[in-house]
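User: Hello! I am new to this structure and would like to know how its labels are earned. Could you walk me through them?

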Amino acid sequence: TSLIFLAFFEDRPVGIATCFLGFSTFAARPLVNVHDLHVVADCRRRGVGRRLLEAVEDKARELGCCKLTLETQENNRHALALY
């Protein structure tokens, strides 16, 4: 029910996406919810977050999911720009 994606730069972990599998009763198919996405401060704005989200999307497609969901605060402008 959980999917964890890790991003590395060389041998150093620099990002994580924590996701949970759900189910859409409307589509009668699974979905993936991105619960947490984090990139260490000195690696931000280098495409790490985008690559993590691409990996999540690829996995969701592989699982036959009908959608990805996530939430963020309205004032989190960096997250809104990425999503």
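Analyst: Gladly! Let us begin with a definition: a residue is buried when its relative accessible area is under 20%, exposed when over 50%, and partly exposed in between. Please keep in mind that this is a predicted model.

User: Why is Glu57 called partly exposed?

Analyst: Glu57 has a relative accessible area of 32%. Partly exposed covers the values between under 20% and over 50%, so Glu57 is partly exposed.

User: What makes Arg61 and Glu57 a salt bridge?

Analyst: The closest N and O atoms of Arg61 and Glu57 are 2.7 Å apart. A salt bridge needs a side-chain nitrogen of Lys or Arg within 4 Å of a carboxyl oxygen of Asp or Glu, so this pair counts as one. Both residues lie in helix H1, four residues apart, about one turn of the helix.

User: Is Arg61 buried or exposed?

Analyst: Arg61 has 61% relative accessibility. Exposed means over 50%, so Arg61 counts as exposed.

User: How many salt bridges does a search of the whole structure find?

Analyst: The search finds three salt bridges. One of them joins the side chains of Asp42 and Arg12, at 2.8 Å from N to O. That pair links distant parts of the chain, 30 residues apart: Asp42 is in the loop between E3 and H1, while Arg12 is in strand E2 (residues 12-24).

User: What label does the accessibility of Asp42 earn, and what about Arg12?

Analyst: Asp42 is at 44% and Arg12 at 35%. Partly exposed lies between the cut-offs of 20% and 50%, so that label fits Asp42, and it fits Arg12 too.

User: How do you know that Lys59 and Glu62 meet in a salt bridge?

Analyst: Their side chains are 3.0 Å apart, N to O, and the cut-off is within 4 Å, so the pair qualifies. Lys59 and Glu62 are separated by about one helical turn because they are three residues apart in helix H1. Lys59 is partly exposed at 26% relative accessibility, whereas Glu62, at 59%, counts as exposed.

User: Let us turn to the cysteines. Why is there no bond between the sulfur of Cys65 and the closest cysteine sulfur?

Analyst: A disulfide is a covalent bond between the sulfur atoms of two cysteines. The rule asks for sulfur atoms within 2.5 Å. The sulfur of Cys65 is 7.0 Å from the closest one, in Cys66, so it is too far for a bond. By this rule the count comes to zero disulfides. Cys19 is in no disulfide either, as the nearest cysteine sulfur, that of Cys65, is 10 Å away.

User: Are Cys19 and Cys65 buried or exposed?

Analyst: Buried means under 20%. Cys19 is at 0%, so Cys19 counts as buried, and Cys65 is buried with 11%.

User: Finally, the pockets. What lines the largest pocket?

Analyst: The largest pocket, with a volume of about 650 Å³, is lined by 23 residues, and Leu37, Arg44, His78, Ala79 and Leu82 lie nearest its centre. By class, this lining has 10 nonpolar, seven polar and six charged residues. Its largest share, six residues, comes from E3.

User: Which residues lie nearest the centre of the second largest pocket?

Analyst: They are Ala7, Phe8, Val14, Val48 and Arg51, out of 13 lining residues. The space in this second largest pocket is about 220 Å³. E1 gives the largest share of its lining, five residues.

Notes. Residues are numbered from 1 along each chain as its sequence is written. This is a predicted model: local features need pLDDT of at least 70, side-chain atom pairs count only at pLDDT 80 or more; totals for chains, interfaces and linings use all residues. Side-chain values use heavy atoms; hydrogens and water are left out. On a 1 Å grid over the protein atoms alone, a cavity is a set of points where a 1.4 Å probe fits but cannot get out, and a pocket is an open set with protein on both sides within 12 Å along at least five of seven lines; lining residues have an atom within 4 Å of a point. Grid points are joined across faces, edges and corners, and a volume is the space filled by probe spheres set on the points. Helices (H or I, at least four residues) and strands (E, at least two) are DSSP runs, numbered from the N terminus. Ala, Val, Leu, Ile, Met, Phe, Trp, Tyr, Cys and Pro count as nonpolar, Asp, Glu, Lys and Arg as charged, and the others, Gly among them, as polar. Buried means under 20% relative accessible area, exposed over 50%, partly exposed in between (1.4 Å probe, protein chains only).
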